[in-house]
Amino acid sequence: MTDRSQIGQRYEELRGEQVVYAIDRQERTFLPPADHCPLCPTVPGGEPTEIPFDRFEIAVFENRFPAFRSPHGAAEVVVYTDAHTGSFATLARERAQELMWVWRHRYMELGARADVEYVLIFENRGVEVGVTLHHPHGQIYAYPFLPPVPALELEADERLGGCAPCELLRRELSDGRRIVYENEGFVAFVPYAARWAYETHVIARAHRPSLLECEPAELRALADGLQALVRGYDGLFDRPFPYVMAVHQAPTDGRARGHLHVELYPPLRTADKLKYLAGSEQGAGTFISDTLPEESAAALRRAIADAR
Ligand SMILES: [Zn+2]
Ligand SMILES: [Zn+2]
Ligand SMILES: [Zn+2]
């Protein structure tokens with residue numbers, strides 16, 4: 001019998017980081033057949049799914065197998081559509097734009113909670129990154145602490161003596177070689193020191209700490225930019241392109257800092273080769289890449305242009 005008091009987070013002294021134990025997740029639904037999808041609508045007379053409606057646009061509910069739960073954070077699922085097949089890339093433009101408003105609302109509501117210091121909106125796409133359900137969806141984790149990646153980004157602000165994303169965007173725009181897409185509100189580029197071959201960052205042109213400070217036109221521009229990018233990804237090797245997409249925004253611990261941007265980490269190096277985190281990446285924390293960001297950016301830029 002498991003001692004439930006053992007579950008929760010533990011502090012790993014050697015690395016100075018939190019590790020979260022969510023052992024119920026072992027029983028979560030793993031790649032069910034399409035007619036047993038828990039993210040599909042509940043059809044009259046059929047088995048109930050997670051969503052008790054026979055149709056819907058975008059649905060948000062608490063994850064049944066949460067890594068975090070109140071009063072120590074939250075874990076939510078965001079279902080993009082009631083259609084089982086497709087992806088973020090194939091959503092109608094208006095639906096993708098509505099999704100930005102849903103993200104904004106969840107960031108606001110979760111971020112306002114006293115037990116939430118950081119809200120991470122993300123999507124895992126593809127079995128290559130551990131997806132257990134194919135229905136188009138993303139997730140939100142509301143952390144009761146500030147996790148290491150956003151903490152490092154805030155340290156970059158201190159190191160650069162101002163907002164790091166603002167400065168990095170300025171550098172990328174003046175260099176230009178790694179830019180893959182831009183519109184009036186956002187710029188997408190393969191970062192100068194990308195870890196993944198086709199890693200891309202999508203940064204708000206104006207200094208916006210979070211989705212809350214964005215104008216409606218900027219939210220539309222973000223949806224358009226993300227869709228253009230993932231359609232380009234799918235076109236690049238002419239196959240569904242796995243990725244992890246993470247929305248980085250200001251921490252919600254009451255101290256205003258941060259700059260809205262979205263980071264995408266695709267594990268593919270070529271059409272059929274994955275990048276694995278191995279000796280150097282895991283043992284030393286140093287990424288070894290066998291592609292140059294400028295070259296990946298050129299290929300991705302063409303794929304995005306072709307996919308439009
Ligand atoms: Zn489904
Ligand atoms: Zn900024
Ligand atoms: Zn970031």
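**Close-up 1. H207 and H259 at the zinc ion (ligand 2).** H207 is partly exposed, with a relative accessible area of 40%, while H259 counts as buried at 2%. In this predicted model, both histidines are protein donors of the zinc ion (ligand 2) through ND1, and C163 and C166 join in through SG. These donors lie 2.0 to 2.3 Å from the zinc ion. As for geometry, the site is tetrahedral, with angles of 103 to 115 degrees among the four donor atoms. Along the chain, the donors follow the spacing C-x2-C-x40-H-x51-H. H207 and H259 come from distant parts of the chain, 52 residues apart: H207 sits in the loop between strand 9 and helix 4, and H259 in the loop between strand 10 and strand 11.

**Close-up 2. F122 meets Y141.** This is one of the 13 aromatic pairs in the structure. The ring centres of F122 and Y141 are 5.0 Å apart with their planes at 80 degrees, so the pair is edge-to-face. It links strand 5, home of F122, to strand 6, home of Y141, with the two positions 19 residues apart in numbering. F122 is buried at 11% relative accessible area, and Y141 counts as buried at 11% too. Zoom out a little and ring pairs link F68, F122, Y141, Y143 and F145 into a cluster.

**Close-up 3. Y233 and Y243, a tilted pair.** Here the ring centres are 6.3 Å apart and the planes 35 degrees from each other. Y233 belongs to helix 4 and Y243 to strand 10, so the pair ties together parts ten residues apart in sequence. Both tyrosines, Y233 and Y243, are buried.

**Close-up 4. R10 over Y21.** The charged end of R10 sits over the ring of Y21, 4.9 Å from the ring's centre.

Methods. Residues numbered from 1 in each chain as written. Chains lettered and ligands numbered in written order. Predicted model: local features only at pLDDT ≥ 70, side-chain atom pairs only at ≥ 80, totals over all residues. Heavy atoms only, no water. Donors = N, O, S within 2.8 Å, 3.2 Å for Na, K, Ca; no water. Tetrahedral: all angles 85-135°; square planar, octahedral: opposite > 155°, others 65-115°. Helix = DSSP H or I, 4+ residues; strand = E, 2+ residues; numbered from the N terminus. Buried < 20%, exposed > 50% of the residue type's maximum accessible area, 1.4 Å probe, protein only. Phe/Tyr/Trp six-rings, centres within 6.5 Å; stacked < 30°, edge-to-face > 60°. Lys NZ or Arg CZ within 6 Å of the ring centre and 35° of its normal.
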